[in-house]
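This report introduces a structure to a reader who has not met it before. The sequence and the coordinates are shown first, and a description follows.

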Amino acid sequence: MNNLLIIAGHDLRLAFRRRNEWFQPLWFLLLVVALFPLGIGPQPALLAQIAAGVIWIAALLANMLSLESLFREDANNGRLEQWLLMDGSLPALAAGRTTAHWLITGLPVILISPLLAAWMQLPQAAMGTLVLSLLLGTPTLSLLGSLGAALTLGSRQGGMLLALLIAPLSVPVLVFATSAVSDAASGFDPETQLLLLGVILLFAITLVPFAIAAALRIHLQE
Amino acid sequence: MDYLLTADKVSYERFYRSVFGTVSIHLDAGGCVLLTGANGAGKTTLIKLLAGVLRPTAGTVSSIEQHFIGHQLGLHQELTVQENLQWYLRLWTRGVDRQQAKQRIDEALSRLQSLSLRSQRAGGLSAGQAKRAALARLFLVPRSLWLLDEPFVNLDQASIDLLLSEIRAHCAGGGGAVIASHALGLADLPRSQRLKLPIIRPAQHREHAHE
Amino acid sequence: MSSHTSFWKRCKTWFHRWGSPAWFYRTSGLIIPWLWAGFFLLAIPGLIWGLSIAPPDYLQGDSYRIIFIHVPSAWQSMLIFAVMAILALIGMVWRIRVAETLAMCCAPIGAAFTIVTLATGSLWGKPTWGTFWQWDGRMTSELVLLFLYLGVIGLQQAIEEPRKAARAAGLLALVGVVNLPIIHYSVEWWTTLHQGTTISFFGESSIDASMLWPLLIMAIAAKFYFGAALLTRTRNTLLLQDREKNWVRETVQGEKS
């Protein structure tokens, strides 16, 4: 736990120095969502119908794009080797880094989601559910993406491959989150879906850091 | 005699080929192993195996807690030398406050007379300076076993002498070291053994292969 | 007690023997012809039975007959993913190269079965649903499964050092197999949400015995095919991996003379 906090704090401080890291995913998200009304027309009823899906898919893409270099720098400068040698702490370190990444790129997305909802004409009633679904869903996406970043560390293509590996694994989050928002928009109770998102998140938090650690360990072999 | 490191019939395969055949090493307190061999003989691979970064294809390695200064120095380019060392200190130890941390980092840096590097960005250092900054880790937290991959490369003569005397003092005080180096002779270090890795050619490799 | 321990010892040596590429090569060479024989002996009568002897469906006529390909390959595509994950786990825990290689050889075969399933599914969909593609629960799960297979293959191809590639791809297969039930469940949820009624392949009534028998025969034939294909592929891969080692030279010389 201590190591987790040290790494998270360190990464946050580093990210604070280079603004691009948190600003670009946000920018990308705004751009992608803005493209939809431009592409399919501004009719409010049409936009409202696809709002949940568009916002969520855009968030998924922004998350995957920002994750590619998560471990690359430390792999190149040799600190990853040193992580490995601090016995038993690799999962904690992986979790710490992912937490920092989520705070840097995931949280801002949630903070501007009301703006996105307004652009996409999402009914007011679904706003709370959208924020809640992002709050429960994006950490899972960050964990999965972090695993993808660790798996593709030693590969030639990097970013594209990461998206190809992780997108199929993200299907459950996408399905439950968007269905929660659509349910809320049409006046139903989205409790079940939000609960399932929570369960998936708990599941991911307990297991994925170990998978990330295993992937990093595999990468360090020559 | 206190044991520091044992490698028992260790081998490592890359692309289904053995990198250096099979190696056994035993290191007791006060001893030193000098790894030599031509480029590509597998010195870096062996020292990574001894450090535990790589897992051997066959054989076992066991050792006490060690310092490993590899070919990649483990410095983050955008952080200052002090911040870099602080990162290690915080992960390695518990309950060191800011004042103590600063003191220990200063002390570690001064061992190789690198105090002037303290507030420089690691990305802006010369190759030799970066090496000295990385080597300061050896003195940040005391550990008996040092695994050093080409520690003298890029260092100026004054720093080489300093490091050499530090290694001698370390071994005399009950520590031990495995050093991969071209520049060093056996005479430079007391009680040291040399391990020369041969180049493995495919023809020889056939004889080594067993399964 | 002693017989008990000796039993485990025998299991252990057996397990270790399979881990030796040379032994694997020799033994699988003996098994493969039998697997092919089993496949042809089952598939030929199974196909004849299914395609011409079994009665036409009272609703779908003759078009339903594609299930004798579609359903066995769908079962097989899922089974292979599980087999791949188990082999990857064995390879990871005991660091056995043969297991890693077997796992990696599963991926393209599984992907092929998945493609066959999707292709026959859409061919069947045309007369049944009136369209080549419907976002039906099972078909969507199968599509996601294909993407997972492609991910495993893609990751393996992207990493240069072959054992590292096999381990990374094996880890992905393990993560995938843990995820598959969740994906399947979420997709089922999603279809009931968006479609209201899904057309079930068999309706509520249980399948008639005259259709069930050829279906089962074809399903078993698919398993024989998988076994034969997997062992053949793995054998060739091992031969390539160890091309500089003694056992391969001896084997190749032995097979020449």
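## Domains of chain B

The domain bounds used here come from an automatic or database domain assignment. The model itself is predicted. In this model, chain B is divided into domain 1, made up of 1-65 + 143-211, and domain 2, which covers 75-141. The centres of domain 1 of chain B and domain 2 of chain B, taken over C-alpha atoms, are separated by 25 Å.

Contact between these domains of chain B involves 10 residues of domain 1 and 10 residues of domain 2. On the side of domain 1 of chain B that touches domain 2 of chain B, α6(B) gives the most, with 4 residues. By class, that side of domain 1 of chain B has 5 nonpolar, 2 polar and 3 charged residues.

## The parallel sheet of chain B

Chain B contains an open sheet formed by 5 strands, in the order β7-β8-β9-β5-β10, and the pairing is parallel. At the edges stand β7 (66-69) and β10 (192-196) of chain B, each of which pairs on one side only. Neighbouring strands of the sheet are turned against each other by 10° on average, direction ignored.

The edge strand β7(B) pairs with β8(B) in the parallel sense over 4 bridges. Here B:I69 stands opposite B:L148 in β8(B). From β7(B), B:Q66 and B:F68 point one way while B:H67 and B:I69 point the other way, and all are buried. Towards β10(B), strand β5 (residues 32-36) of chain B makes a parallel pairing over 5 bridges. Within β10(B), B:R194 is the residue opposite B:L34.

## A helix across the sheet

Helix α6 of chain B, residues 157-172, lies across three strands of chain B: β5, β8 (145-149) and β9 (176-180). Relative to β9(B), helix α6 of chain B runs at about 145°. This helix, α6(B), is also the element named above for giving 4 residues to the side of domain 1 of chain B that touches domain 2 of chain B.

## Contact between chains A and C

Where chain A meets chain C, 24 residues of chain A are in contact with 23 residues of chain C. The elements of chain A that give two or more residues to the side touching chain C are α7 (127-151), α8 (159-169), α9 (171-185) and α10 (191-220). The side of chain A that touches chain C comprises 16 nonpolar, 6 polar and 2 charged residues.

Technical notes
Residues numbered from 1 in each chain as written. Chains lettered and ligands numbered in written order. Predicted model: local features only at pLDDT ≥ 70, side-chain atom pairs only at ≥ 80, totals over all residues. Contact = placed C-beta atoms within 7 Å. Nonpolar A, V, L, I, M, F, W, Y, C, P; charged D, E, K, R; others polar. Pairing = 2+ DSSP bridges. Axes fitted to C-alpha atoms, helices over the stretch in contact; angles between N-to-C directions. Buried ≥ 20, exposed ≤ 12 C-beta atoms within 10 Å, placed from the backbone.
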